[in-house]
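Morning, everyone. Let me put today's model on the screen, and then we'll walk through it together.

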Protein chains: 2
Amino acid sequence: MYLGYKGALLSSNGDPRIRMATLPAKPDMKDRILETADRLFYLQGIRAVGVDTIAAEIGISKRTLYNHFPSKDALISAYLARRFVAPRPSDKSPVEQILGTFDSLERRFSAKDFRGCPFVNAVAELGEDRSVRKIAVAFKESRRLWFRDLLAQLGIAEAEALATQLALLVDGSIAQDLVRNDPAMARAAKEAATVLLKNAGVKVGAADRQKKRTAKKRRPRSAS
Amino acid sequence: MYLGYKGALLSSNGDPRIRMATLPAKPDMKDRILETADRLFYLQGIRAVGVDTIAAEIGISKRTLYNHFPSKDALISAYLARRFVAPRPSDKSPVEQILGTFDSLERRFSAKDFRGCPFVNAVAELGEDRSVRKIAVAFKESRRLWFRDLLAQLGIAEAEALATQLALLVDGSIAQDLVRNDPAMARAAKEAATVLLKNAGVKVGAADRQKKRTAKKRRPRSAS
DNA sequence: GCCTAGGTACACAGGTCTGTGTACCTATTT
DNA sequence: AAATAGGTACACAGACCTGTGTACCTAGGC
């Protein structure tokens, strides 16, 4: 027997007036669908997850899903749009923000539900789909520009080129971690980023270099 | 009417003795299947390509395909195994080999049939598939070790760490090019790699830095 | 001349996928 | 009280997928 969401369960279960007044105050069905689709798409792959699966996971009927999204493609687009979050402004120094990026990455790599960059994965999976490519490019460029502006604040002449290189390190560590499942890739990227920054004339303080709580079996003298 | 491959066409087309002696010397059906699967899997994605499509592309029946590979999974494994090519030994200096990697990448990026790293793509698409992950890790590690050994030849102390960083740049540029379709990502990676090498005490000659045929709108003084 | 290996053609089982149609049920608004 | 909005249950169309069954045909080796 299919029960669906709680409201249905209760109301099909005796006196309908028993149901709690706030129950059908479901927190926006559309959001629930999107959130579930996000999780499944990201963890298992877009093609690997059918709309049936998404609906079943929430406990709604497929019909309801299609009442909120006209097609799976629309759901995919919404999924990627939802993943496009701009970095929030910070009080920290530009250098701290730049290097902190790699600390964040390391934390995310350590989470067991990290599965690479959703945009890169989507492009890899969906190939030449125009809209997917478009949003993926926009995302990559937004992060590059974020780096560039921070570097510009530091007065770096080659901010453009260096921002691109930092973006390479970010995506490289993500790809490597996706395959290897090794959060140390983020540390390696941070060390490389530090060298690049220093080479561009940025003063990198020791506090920026050593932020980690647990340094596991690292050679202490490894320069950067 | 279905004709299939040339041998069938000719022999069903009048006197059977007309057929050229070497025609059914088909260059190993298995290889043809694998080569076609490779092309389609790589360009369109593994899940996106059915065995029907592969068979139709060659002009053979699906039955023939299944006589050579017991399942699609086996075909996928063979595809990835085929992509696992170790870098061939070279006479060039270690530095030239390392930096030449990025020149090769730029050339590959410029080809219109480049679609990222097949191993990363397969992991992104197939998720937690054990055998896929295994071969992908092996491939990534083999390249990292190749870098490491070249660096060791140069007497670099931190060969391990630096090799990892170079690998990050390689995969970063691949991911970025997959999304952006911009071969310049390889140049950016090469410039970053040059900085890292110099920082490790490697002497990088001008010949290593300037190998490109056409330098398009580059600031001439951009350090590396 | 016969046998075998490896093709071909074609049907089909059984599953999954996206997307729709339809009838009903319930809560809120008017 | 009636209408509306947004659920549910369920069937189904139509496509596509992997994989199998079967009967045939042909070239080459014995």
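Start with one pair. A:R144 forms a salt bridge with A:E160, and their closest N and O atoms are 3.0 Å apart. Keep in mind that this is a predicted model.

Where do the two partners sit? A:R144 is in helix 8 of chain A, residues 130-153, and A:E160 is in helix 9, residues 159-180, so this salt bridge ties together parts that are 16 residues apart in sequence. Are they buried or exposed? A:R144 is buried, at 10% relative accessible area. A:E160 is partly exposed, at 30%. The cut-off for buried is under 20%, so A:R144 falls below it.

Now zoom out. How many salt bridges does a search of the whole structure find? The search gives 31 over all chains. Some of them join up. A:E141, A:R144, A:R148, A:D149, A:E160 and B:R180 are linked in a network of salt bridges. Look at the letters: that network includes B:R180, from chain B.

Next, the contacts across chains. The count between chain A and chain B is 3 salt bridges. One pair is A:E141 with B:R180, at 1.9 Å from N to O. Another pair is B:E141 with A:R180, also listed at 1.9 Å, N to O. B:E141 lies in helix 8 of chain B and A:R180 in helix 9 of chain A, so this salt bridge joins two chains. B:E141 is partly exposed, at 22% relative accessibility. A:R180 is buried, at 18%.

Chain B has a bridge within itself too. B:D171 pairs with B:K140, with the closest N and O atoms 2.8 Å apart. B:D171 is in helix 9 of chain B and B:K140 is in helix 8, and the two are 31 residues apart. Both residues are buried.

Now the interface as a whole. How much area do the two chains bury between them? About 3,900 Å², with 62% of it on carbon and sulfur atoms. Which residues of chain A lose the most area to chain B? They are A:L168, A:V179 and A:R180, together 17% of what that side buries. We met A:R180 a moment ago, in the salt bridge with B:E141.

In contact terms, 44 residues of chain A meet 43 residues of chain B. There are also 10 residue pairs in polar contact between the chains, both residues at pLDDT 80 or more. Which helices of chain A supply the touching side? Helix 7 (118-126), helix 8, helix 9 and helix 10 (184-199) each give at least two residues. Helix 9 gives the most, with 14 residues. By class, the side of chain A that touches chain B has 19 nonpolar, 11 polar and 14 charged residues.

Last topic: symmetry. Two copies of a chain are related by a rotation about an axis and a shift along it. What turn lays chain A on chain B? A turn of 180 degrees, with a shift of 0.0 Å along the axis, and the RMSD is 0.1 Å. That is the relation of a two-fold axis. Which C-alpha of chain A is nearest the axis? The one of A:G172, at 1.7 Å. The same surface serves both copies, as 93% of the contact residues of chain A recur in chain B.

To wrap up, keep two things: the network that includes B:R180, and the two-fold axis relating the chains.

Notes: Residues numbered from 1 in each chain as written. Chains lettered and ligands numbered in written order. Predicted model: local features only at pLDDT ≥ 70, side-chain atom pairs only at ≥ 80, totals over all residues. Heavy atoms only, no water. Salt bridge = Lys/Arg side-chain N within 4 Å of Asp/Glu carboxyl O. Helix = DSSP H or I, 4+ residues; strand = E, 2+ residues; numbered from the N terminus. Buried < 20%, exposed > 50% of the residue type's maximum accessible area, 1.4 Å probe, protein only. Contact = heavy atoms within 4.5 Å. Buried area = accessible area lost by both parts, 1.4 Å probe. Polar contact = N/O pair within 3.5 Å; in protein donor to acceptor, adjacent residues only side chain to side chain. Nonpolar A, V, L, I, M, F, W, Y, C, P; charged D, E, K, R; others polar. Least-squares fit on C-alpha atoms with pLDDT ≥ 70 in both.
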